[in-house]
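Me: Could you take me through the central sheet of this one in detail, strand by strand, and then what packs or bridges around it? I'd like one connected walk rather than a list.

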Amino acid sequence: QQCLHNLQLFHSSRVLIITNSHPATMKFSSSILSAALLVSASCSSAAAFSTHQRTLSSSSIMRTSSSSTTFLASTTEKSTECSSTTTTATITPEFAGARDQAITTLKAQLPPEALSTLEQPLTHFISEYFQSLSDSAAAGTKNPDGSEVTPQQAVKNMLTTLSYGLKYGLGKDKFIFENVRHMALRGADFNDTSVIDSRYEEDSLKEKLGPDVTTDFYAAGCEFFRPSMDLEHSVVLGQDNLKQAREQIDAGENVIFLANHQSEADPQVVSCLFETVGKEMGDLAAHVTYVAGHKVTTDALAVPFSMGRNLLCIHSKKHIDADPETKPAKSRQNMTAMNSMLKGLKEGGMAIWVAPSGGRDRRNVESGKIPIAPFDQKTVDMFRLMGNKSKVPTHFYPMAMVSYDLCPPPDFVEAGVGEQRNVRFTPIGIAICDEVPNVGGAEKRHLFTEKAEEECIAGYTDLLKGLKMDKYIPEEYSL
């Protein structure tokens with residue numbers, strides 16, 4: 001709780017800290033703010049870095065990935081071998097100093113009993129993120145407002161995210177996703193009561209969020225990952241199909257995107273890439289409802305990002321079967337989620353993103369290729385059934401995604417323990433494939449799933465070629 005309190009103090013004062021040109025002249029009583037001032041000072045003057053170096057080199061770090069302990073997760077996935085090979089990357093002195101001070105600040109505030117569990121995974125995640133933003137800055141990446149990517153930005157993004165994770169993922173104010181269909185928390189604008197979300201009129205939500213009641217958690221998630229995306233060299237294919245899908249949604253019809261899934265940041269990938277197409281598509285991305293498993297609502301680091309997304313929380317079959325004792329409760333929750341989704345589809349104008357594979361794509365350890373995880377027939381059948389039962393025209397578009405290098409997942413999955421978070425600066429891609437008509441009876445339902453998966457594979461292959469990532473294309477996709 002003391003760690004959370006200190007990080008919240010930093011969070012509430014972060015604008016003053018990172019914009020003050022003479023931080024050394026300011027005086028704060030809180031130890032976290034004093035440490036934060038050192039971060040700001042080290043970011044603003046290259047000369048200061050020689051006095052702030054710690055165990056990590058100021059000019060480079062070895063970025064390695066290996067199996068690790070659980071990172072703030074009750075039930076996640078196990079990494080028996082990390083998906084990324086060991087690499088050496090150069091980090092600028094400015095970002096190295098900011099990184100070192102962020103790590104030092106965090107360590108100083110973690111209670112002794114938590115150090116053995118949290119120090120390594122948190123340090124790794126911070127190091128990965130600062131490296132990715134250092135690479136981004138070196139590439140000349142610009143923020144949406146035209147400003148440069150800076151060490152101060154990395155500090156702000158990281159410590160804000162960690163403070164949210166501690167508060168809403170672990171703290172006494174832990175956020176509980178009370179409904180299987182969660183609507184994004186976009187923040188309350190009390191100056192414009194005509195557009196205020198009615199939920200923000202409830203005292204319970206105001207008390208739960210406290211000073212964060214005006215926070216747009218959707219925007220915060222995008223701001224965290226956007227600097228790690230090489231959007232200048234990213235690709236969006238099938239824009240005519242995307243435009244058609246938008247028109248169908250505007251007409252009150254439903255659209256379901258059947259996607260492959262490659263990284264934990266895929267919702268942010270969709271948002272940031274759609275924004276590059278145009279404002280209307282950016283608005284569409286914010287409207288999408290994501291079908292997600294239990295992890296996104298229980299993993300402390302994932303919770304703040306999930307708070308900013310429209311979600312349908314459904315347990316995948318592998319996680320339902322993992323614990324026989326909880327299987328009945330999970331099955332009941334899934335039924336409730338299906339009923340909630342059907343209600344939304346009946347209202348019309350709903351956009352849903354779902355990964356029919358039930359999980360992320362995994363690379364082939366021996367070849368280094370990254371095949372798309374097979375679509376599950378029963379999952380696709382269920383969404384087709386829900387679309388038909390809604391009595392509202394429902395359209396199905398395969399969506400191919402390339403985001404593996406952004407947040408490389410573990411190579412192997414085993415329920416029950418956590419995974420190490422990796423972040424890379426990389427181009428990404430999305431392909432909206434041709435609509436697959438929702439026709440045919442039960443005896444030919446497999447043809448629909450096969451067609452959707454084939455379209456997704458074709459779009460995926462085109463993306464990898466366009467992104468010059470041919471090395472990831474499985475040989476069978478080239479036949």
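Reply: Let's start with histidine 182, which has leucine 311 as its bridge partner in S7. This is a predicted model, so read everything here as computed from it. The strand that holds the histidine is S3, residues 181-182, and two bridges join S3 to S7 in an antiparallel run. S7 covers residues 310-313; Asn310 and Leu312 point one way, Leu311 and Cys313 the other, and all are buried. That fits the general picture: in a regular strand the side chains alternate between the two faces of the sheet.

S7 also pairs with S6, residues 289-292, and here the two strands run parallel, with four bridges between them. If you want a residue to click on, valine 291 sits opposite leucine 312 of S7.

Now zoom out. These strands belong to an open sheet of eight, in the order S3-S7-S6-S8-S5-S9-S10-S4, and the pairing is mixed. S3 and S4 (235-237) are the edge strands; each has a single partner strand, so one side of each has no neighbour in the sheet. Towards the S4 end of that order, S9 and S10 are joined by four bridges in the antiparallel sense. There, methionine 399 has isoleucine 432 of S10 as its bridge partner.

Helices come next. H8, residues 239-250, lies across S4, S5, S8, S9 and S10, and runs at about 140 degrees to S9. H9 packs on the sheet too, touching S4, S6, S8, S9 and S10, with its direction at about 75 degrees to that of S10.

The loop between S9 and S10 is worth a stop for its salt bridges. Arginine 421 meets glutamate 264 in one of them, at 2.9 Å from N to O. Glutamate 264 is in the loop between S5 (254-259) and H9 (266-277), while arginine 421 is in the S9-S10 loop, so the pair ties together parts 157 residues apart in sequence. The glutamate is partly exposed, with a relative accessible area of 29%, whereas arginine 421 is buried at 7%. They don't act as a lone pair, either: salt bridges with shared partners join Glu264, Lys295, Asp299 and Arg421 into one network.

That loop between S9 and S10 also holds arginine 424, whose partner glutamate 128 is in helix H4 (residues 112-138), 296 residues away along the chain. In this salt bridge the closest N and O atoms are 2.0 Å apart, and both residues are buried.

For a pair of sequence neighbours, look at arginine 99 and aspartate 100: they form a salt bridge with the closest N and O atoms 2.8 Å apart. Arginine 99 is buried, with a relative accessible area of 0%, and aspartate 100 is buried as well, at 2%. Across the whole structure, the search finds 16 salt bridges.

One last stop, a helix pair. H15 (residues 377-390) and H16 (residues 445-466) pack at about 105 degrees, with axes 10 Å apart. They are therefore roughly perpendicular to each other. H15 contributes Gln377, Val380, Asp381 and Arg384 to the contact, and H16 contributes Arg445, His446, Phe448 and Thr449. By type, the residues of this contact are two nonpolar, three polar and three charged.

Key
Residues numbered from 1 in each chain as written. Predicted model: local features only at pLDDT ≥ 70, side-chain atom pairs only at ≥ 80, totals over all residues. Heavy atoms only, no water. Buried < 20%, exposed > 50% of the residue type's maximum accessible area, 1.4 Å probe, protein only. Pairing = 2+ DSSP bridges. Axes fitted to C-alpha atoms, helices over the stretch in contact; angles between N-to-C directions. Parallel < 35°, antiparallel > 145°, perpendicular 65-115°, else oblique. Contact = heavy atoms within 4.5 Å. Nonpolar A, V, L, I, M, F, W, Y, C, P; charged D, E, K, R; others polar. Salt bridge = Lys/Arg side-chain N within 4 Å of Asp/Glu carboxyl O.
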